[in-house]
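Q: I'm new to this one and would like a close look at a single part of it, the barrel and the pocket. Could you walk me through it piece by piece?

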Amino acid sequence: MKTIMNLKKSLLAIATIIVTIAFSACATGGEEFDYPEDNPASTGLCGVKWVLKSVSGGETTNYSAYYFELNGTGYSEEKATEEDELTRKLFTWKSYNIGSSSMHMLTIRLEGSKYDLSTYYNVIGETLRLNDTQGGIYTYVPEDQTNNE
């Protein structure tokens with residue numbers, strides 16, 4: 001009888017360990033998304049300095065630009081008004097495939113920050129559109145296209 005009790009306890013302990021391992025393998029801890037990460041070269045973001053062309057339903061700014069590197073780093077530049085100095089902020093970035101052929105999730109972590117900023121985006125041809133998740137759509141084009149207008 002004592003042997004049967006020890007065997008039951010052992011089986012229960014083993015089952016508990018297996019269930020714990022299975023749930024731990026699926027948990028993300030809130031730091032990563034469940035979406036597959038995009039290869040930076042396939043995003044269409046890299047190698048182009050994207051300059052703000054228009055804003056629909058969001059905050060406007062005098063000048064805004066993004067540059068994304070293949071190694072997951074980049075920088076943003078901004079001038080709120082014509083009189084302001086240009087500010088540059090370094091960041092790291094990742095892109096995630098959210099299951100849509102046109103929209104992807106972009107996460108940016110500014111240098112020195114502990115938190116990611118997330119947005120949805122798509123690149124179609126030579127146009128980058130960012131959605132600020134509050135109804136604002138920001139349209140960016142390559143820098144060389146802004147000089148021709």
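A: Of the 149 residues in this predicted model, 26% count as buried. The secondary structure adds up to two helices and eight strands. Reading from the N terminus, the elements go α-β-β-β-β-β-β-β-β-α.

Now for the barrel itself. Eight strands close into it in the order S1-S2-S3-S4-S5-S6-S7-S8, with antiparallel pairing. From one strand to the next, the twist averages 35°. If strand pairing is new to you, here's the general idea: strands of a sheet pair through backbone hydrogen bonds, either parallel or antiparallel.

Take S1 and S8 to begin with. Strand S1, residues 49-56, pairs with S8 in the antiparallel sense over six bridges. One spot to look for is Ser54, whose bridge partner in S8 is Thr139.

Next, have a look at S2 and S3. These two form a hairpin with four residues between them, and they pair in the antiparallel sense over six bridges. In the turn sits Gly72, with a positive phi of about 85°. Further along, Tyr67 stands opposite Tyr75 in S3.

That tyrosine pair brings us to the aromatic rings. A pair of rings is described by the distance of the centres and the angle of the planes. Counting ring pairs whose centres lie within 6.5 Å, you get six aromatic pairs. For Tyr67 and Tyr75, the ring centres are 5.6 Å apart and the planes are at 25°, so this pair is stacked; the cut-off for stacking is under 30 degrees. Tyr75 has a relative accessible area of 16%, and buried means under 20%, so Tyr75 is buried. Elsewhere, ring pairs link Tyr66, Phe68, Phe91, Trp93 and Tyr140 into a cluster.

Stay with S3 for a moment. Five of its seven residues are buried, so S3 is largely enclosed by the rest of the structure. On to its pairing with S4: S3 and S4 also run antiparallel to each other, over six bridges. Here you can find Glu77 standing opposite Arg88 in S4.

Thr107 is another residue to pick out, and it lies in strand S5. With a relative accessibility of 4%, Thr107 counts as buried. Thr107 and Ser95 are twelve residues apart along the chain, and their C-alpha atoms are separated by 6.4 Å.

That leaves the pocket. The largest pocket holds about 810 Å³ of space. It is lined by 27 residues, and the closest to its centre are Tyr66, Glu78, Leu117, Tyr138 and Tyr140. Two of those names should ring a bell: Tyr66 and Tyr140 also belong to the ring cluster.

Which elements give two or more residues to the lining of the largest pocket? They are S2 (63-68), S3 (73-79), S4 (87-97), S5 (104-110), S6 (117-124), S7 (127-131) and S8 (137-142). S4 gives the most, with four residues. As for what kind of residues they are, the lining divides into ten nonpolar, eleven polar and six charged.

Notes. Residues are numbered from 1 along each chain as its sequence is written. This is a predicted model: local features need pLDDT of at least 70, side-chain atom pairs count only at pLDDT 80 or more; totals for chains, interfaces and linings use all residues. Side-chain values use heavy atoms; hydrogens and water are left out. On a 1 Å grid over the protein atoms alone, a cavity is a set of points where a 1.4 Å probe fits but cannot get out, and a pocket is an open set with protein on both sides within 12 Å along at least five of seven lines; lining residues have an atom within 4 Å of a point. Grid points are joined across faces, edges and corners, and a volume is the space filled by probe spheres set on the points. Ala, Val, Leu, Ile, Met, Phe, Trp, Tyr, Cys and Pro count as nonpolar, Asp, Glu, Lys and Arg as charged, and the others, Gly among them, as polar. Two strands pair if DSSP finds at least two bridges between them. Axes are lines fitted to C-alpha atoms, for helices over the stretch in contact, and angles run from 0 to 180 degrees between N-to-C directions. Rings of Phe, Tyr and Trp (its six-membered ring) pair if their centres lie within 6.5 Å; planes under 30 degrees apart count as stacked, over 60 as edge-to-face and the rest as tilted. Buried means under 20% relative accessible area, exposed over 50%, partly exposed in between (1.4 Å probe, protein chains only).
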